[in-house]
Amino acid sequence: NKPLLQLASVIGEFGITFLITWTASVAIYVIEHWKRPEGKRVGLIALSVLILLFVGGAVRYNAWTEDQATVKVAQAIGPKLDQDKSEWGILTFDRNVESFSKTAIAAFEKGADILVFSEEAFTIEDLNEQRFMEHVREMARKFSLPILLTLEVVDMDNNQDGKLINKAVLIDKYGEVLAEYLKHNILPVVEAGSTVIGEGPIPA
């Protein structure tokens, strides 16, 4: 649904996930309480919100004119994890390198103009960050492929008081680092106190 997908340009892809979850929860509530006034009221409010989102998205989508010089983007999420096997704890450096390489090769073979990863696609110990970055830059040069890499850097040497670093790194097709951004608007409770807070402005 292209109009509703316009929401992603405002609050990101997680906004779409939230909208799906919220709609399902509200639908269940309304079904269970339909005979009560509050059930009908919640249903009407939810329907009004969805209609507003749809109309706003439709206006935005129809007002957009496509440029002939389009960019083909390959989006990836990083290594696939089997949480039932507790693989969160065994993500080795080699596993991350292997996952990235396969993704970069697939993006190149499909003719992508840029490879973009979702937030915290790779969890890397700070002692291995430079080695991992060298590999990523080499792949960017090899395939002439710009890359937006996202990392969760684990502070093993305690330079950041043990806090995690949530960062995004933009690399051009020559393997040069153009910009680096540390997450500024962290999630309350979930990331507060455990994540380094960036300075804020996104590099232009």
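In this predicted model, Phe122 pairs up with Leu151, its bridge partner in strand E4. That match belongs to a parallel pairing between strand E3 (residues 122-125) and E4, held over four bridges. To get from E3 to E4, the chain goes by way of helix H6 (residues 126-143), and the resulting β-α-β crossover is right-handed.

E4 itself spans residues 147-154 and is mostly covered, with six of its eight residues buried. Strand E2 (residues 114-117) also runs parallel to E4, joined to it by two bridges; here Val116 has Leu148 as its bridge partner in E4. With strand E5 (residues 165-171), the sense flips: E4 and E5 pair antiparallel over seven bridges, and Val153 sits opposite Ile165 of E5.

Then there is the packing. Nonpolar side chains in soluble globular proteins tend to end up buried together. The largest nonpolar core here has 28 residues, and the members touching the most others are Phe100, Leu115, Phe117, Phe122, Phe132, Ile147 and Leu149. At least two residues of this core come from each of strand E1 (73-76), helix H5 (93-109), E2, E3, H6, E4 and E5. H6 chips in the most, with six residues.

Phe117 gives a good look at this neighbourhood. Leaving aside residues up to four places away in sequence, Phe117 touches Ala76, Ile77, Gly78, Phe100, Thr103 and Phe122, along with a run from E4's side of things: Ile147, Leu148, Leu149 and Thr150.

Note on methods. Residues numbered from 1 in each chain as written. Predicted model: local features only at pLDDT ≥ 70, side-chain atom pairs only at ≥ 80, totals over all residues. Heavy atoms only, no water. Buried < 20%, exposed > 50% of the residue type's maximum accessible area, 1.4 Å probe, protein only. Pairing = 2+ DSSP bridges. Right-handed = clockwise from strand over helix to strand, strands pointing away. Core = buried A, V, L, I, M, F, W, Y, C linked by side-chain atoms within 4.5 Å. Contact = heavy atoms within 4.5 Å.
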